[in-house]
Amino acid sequence: MEHDGIDRSVLVQNHDVHRLEGRDAQTDNFAAAKALSDVIASTLGPKGLDKLLVTSDGTVVVTNDGASIVDRMEIVHPAARSVVDVASKQDSRVGDGTTSTIVLTGALLTEAESLLESGLHQTSVARGYSLAAERATETLRQRTVPIDSDDEEQLRSIAETAITGKWNQQASEFLAEKTVSAVRAIQRDRTVELRRLTRKAIPGGSYYDSEVVDGLVIDMESSSTTAVSPEPGPLDAFNSATVALVDDQLTIETVSGQGAVSLESPDDLQTLRTYERDIYERYVDRIVDTGADVVFCQKSIDDMVRYLLAREGVLAVERTRQDELEKLGRATGAHAVGTVDDLTESDVGRAQRIDQRDLGPTEVIVVDGGPGVEQASLVLRGGTQQVADEAKRVVDGCFHVLSHAIEDSIVVPGGGATEVSLASDLRSYAASVSGREQLAIEAFADALEAIPRQLASSGGMDPIDTIVELRASHDDGEFATGLVFEGESGTIDDVRERGVLEPFAVKARTISGAAEAANLLVRVDDVVATSGKETGEEAEHDHDHGPGACRKRRGVPLGGRALDGALRPVP
Ligand code: ADP
Ligand code: MG
């Protein structure tokens, strides 16, 4: 290991430092990454099994979603971490294909290991893998199937392919349908701006209570928003309501540093009251003059103003979040004004209906702008917060998948068909490559078939017979023959006709991501880690960012200290 002229023993001066070199480092890295792949592999596909995750605070989550599992595992082995990082990137960029990326990486490493054992140099393996990934991506372009971005049935098939296996078939179909309607509500030609889509996970009820609203659903629990009804009790629904948005407070501003007003006589108090009342009446007149039925205010509203507004039959909603004000603008066509004095009739918008609802333990205000508005919401329900959150997470991925499918208007065959087709092309391409890289390209082809093999074995089909049959069909030029699972049984068929379709972007990233992750580990021949310090814990980020925003959270400890080699099961 001194080929670059550096005596690396100087790197290890401290007894607290663990170091592994050469084949030891590789074996250790490969073992860790493959252990991760083995844990995840059985969840692949519609017949994949669920994992029960127990978090350190005792919360139990049952899921089948690869992205969700790796996000919740506390993986300390650096090699396994690097695979997870690539797979998480997959999830945040394209919303699907995390499990496939990890399974493919595991298969590439298994192949790499035997190539290295048989004497191939690691640079030849890495180069061969890069060539294979490039070639596969080019070929993938020729295997695409055009779709009509307005064909809802096709879009539903794509959504179902992305989410089947996450729930029972009926629930998957139902949620795929809701996801498609939500995306269709904001789709304009071939563009889908996902920021126009609000997703809320609200506990209580069942999946089948999930609904799409053409407008905005404001969760009164999670924000400190409050609505003040003109009448005591729950507020009435407003049909065809006029909406005003005020990005300010409706109280009298206190000059900072001047905490108190000194009043010398009862007259002073009277003067102050009159002064206040004049200002508040001015606010209320301004709002009432615009014909508003409901006013959403970003900050607080003084009791007197609420009272005066209520007397005029206007509903006041205070402390509406800034981002929600923007969304309300898109849902109703209203313009938020910086101060109520600027409010004019041209700033108000319209909603088809505004009402307050109790969804289980959560109170929400539903602002339904009617068809054609620029903002839609999907409210996901589930027995508990965890169940609803899990549904939201899977649906978030599905939104990404649909937006890629709509914007690119091309998909590729799923159910392992594309992998078999690319493998067959890579084998003939390998023959044209001179040098040892040829072996690595063939190995890449074999690794791709790990996907249909895993799909078959999860579905109770014989993996070897299945691969043989798929290869035979592809040799006859049928590039879309793959596995189709519907109901209990799996069959071999043309997956285009059966609607098992995935966006091109997802598949392309799966291949390049797995090649990148595998090569990273193939090239490493030296691992140095300090044992004294554990890696810093990641803070929990789980704000309501847009769909697919990068999520990281602490989760179940799955491994021991760094360089432990293999992952241990959840204690
Ligand atoms: P990932 O995290 O990689 O998306 P999934 O568990 O979602 O993993 O499985 C995706 C795989 O399942 C893809 O290869 C996809 O083509 C396949 N698949 C999805 N639905 C079906 C189906 N009905 N029949 C056969 N294969 C399917
Ligand atoms: Mg998926």
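1. Ligand 1, polar contacts. The side chain of Thr99 places an N or O atom 2.8 Å from an oxygen atom of ligand 1. For the side chain of Ser100, the corresponding distance to a ligand oxygen is 2.6 Å. Gly415 takes part through its backbone: one of its polar backbone atoms is 2.7 Å from an oxygen of ligand 1. These are distances in a predicted model.

2. Ligand 1, surroundings. There are 20 residues around ligand 1. Those that come nearest are Asp96, Thr99, Ser100, Gly415 and Glu502. Thr99 and Ser100 fall within the residue range of helix α4, 98-117.

3. Confidence overall. The mean pLDDT of the protein is 85. A score of at least 70 is reached by 85% of the residues. Helix α13 has the highest confidence, at 98. Strand β22, residues 556-557, has the lowest, with a mean of 34.

4. Ends to treat with care. Residues 1-15 stay under a pLDDT of 50. The model gives this stretch twelve contacts beyond four places in sequence. Residues 533-571 are also below 50. That stretch has 78 contacts in the model beyond near neighbours in sequence. Where pLDDT is low, predicted coordinates should not be read in detail. I would word any description of these two segments accordingly.

5. Overall make-up. The protein has 571 residues, of which 52% are buried. It contains 16 helices and 22 strands. Take the contacts between residues at least 6 apart in sequence: 75% of them join residues at least 24 apart.

6. Nonpolar cores. The largest core has 64 residues. Which of its members touch the most others? They are Leu36, Leu108, Val125, Tyr129, Leu426, Phe444 and Leu448. Helix α4 supplies the largest share of this core, nine residues. A second core is separate from it and has 36 residues, including Trp167, Ala185, Leu197 and Val394.

7. Glu449. This residue sits in the loop between α13 (437-448) and α14 (450-458). Is Glu449 buried or exposed? Its relative accessible area is 1%, under the 20% cut-off, so Glu449 counts as buried. Beyond its neighbours within four places in sequence, Glu449 is in contact with Val420, Ala423, Arg427, Ile467 and Arg471. Two arginines, Arg427 and Arg471, are thus on the contact list of this buried glutamate.

8. Cysteines. The structure holds zero disulfides. Cys297 is buried, at a relative accessible area of 0%. Cys398 is buried as well, at 1%.

9. Helix α9. This helix spans residues 303-311, and its buried residues are Val305, Leu308, Leu309 and Ala310. Their cover includes helix α8 (266-289) and the strands β11 (294-297) and β12 (315-318). At the start of α9, a side-chain oxygen of Asp302 comes within 2.9 Å of the backbone nitrogen of Met304. After the helix comes Gly313, with a positive phi near 80 degrees.

10. Helix α10. Most of α10 is covered, with eight of its eleven residues buried. The buried set is Glu324, Leu325, Lys327, Leu328, Gly329, Arg330, Ala331 and Thr332. Glu324, Lys327 and Arg330 belong to that set, so charged residue types should not be assumed to face out here. Strands cover the buried residues, including β6 (197-203), β8 (215-219), β10 (238-246), β11, β14 (349-359) and β15 (362-368). Just after α10, Gly333 takes a positive phi of about 80 degrees.

11. Leu328. This residue lies in α10, residues 322-332. Why does Leu328 count as buried? Its relative accessibility is 0%, and anything under 20% counts as buried. Leaving out neighbours within four places in sequence, Leu328 is in contact with Leu216, Ile218, Leu245, Phe296, Thr320, Gly333 and Val367. One of these, Gly333, is the residue with the positive phi just after the helix. Leu328 and Val243 are 85 residues apart in sequence, yet their C-alpha atoms are 9.0 Å apart in space.

Methods: Residues are numbered from 1 along each chain as its sequence is written. Chains are lettered from A and ligands numbered from 1 in the order in which they are written. Side-chain values use heavy atoms; hydrogens and water are left out. Helices (H or I, at least four residues) and strands (E, at least two) are DSSP runs, numbered from the N terminus. Buried means under 20% relative accessible area, exposed over 50%, partly exposed in between (1.4 Å probe, protein chains only). Contact means heavy atoms within 4.5 Å. A nonpolar core is a set of buried Ala, Val, Leu, Ile, Met, Phe, Trp, Tyr and Cys residues joined through side-chain atoms within 4.5 Å. A disulfide is a pair of cysteine sulfur atoms within 2.5 Å. pLDDT is the predictor's confidence in each residue, from 0 to 100. A residue is near a molecule or strand if one of its heavy atoms lies within 4 Å of it. A polar contact is a pair of N or O atoms within 3.5 Å; within protein, one must be able to donate a hydrogen and the other to accept it, and residues adjacent in sequence count only if both atoms are side-chain atoms.
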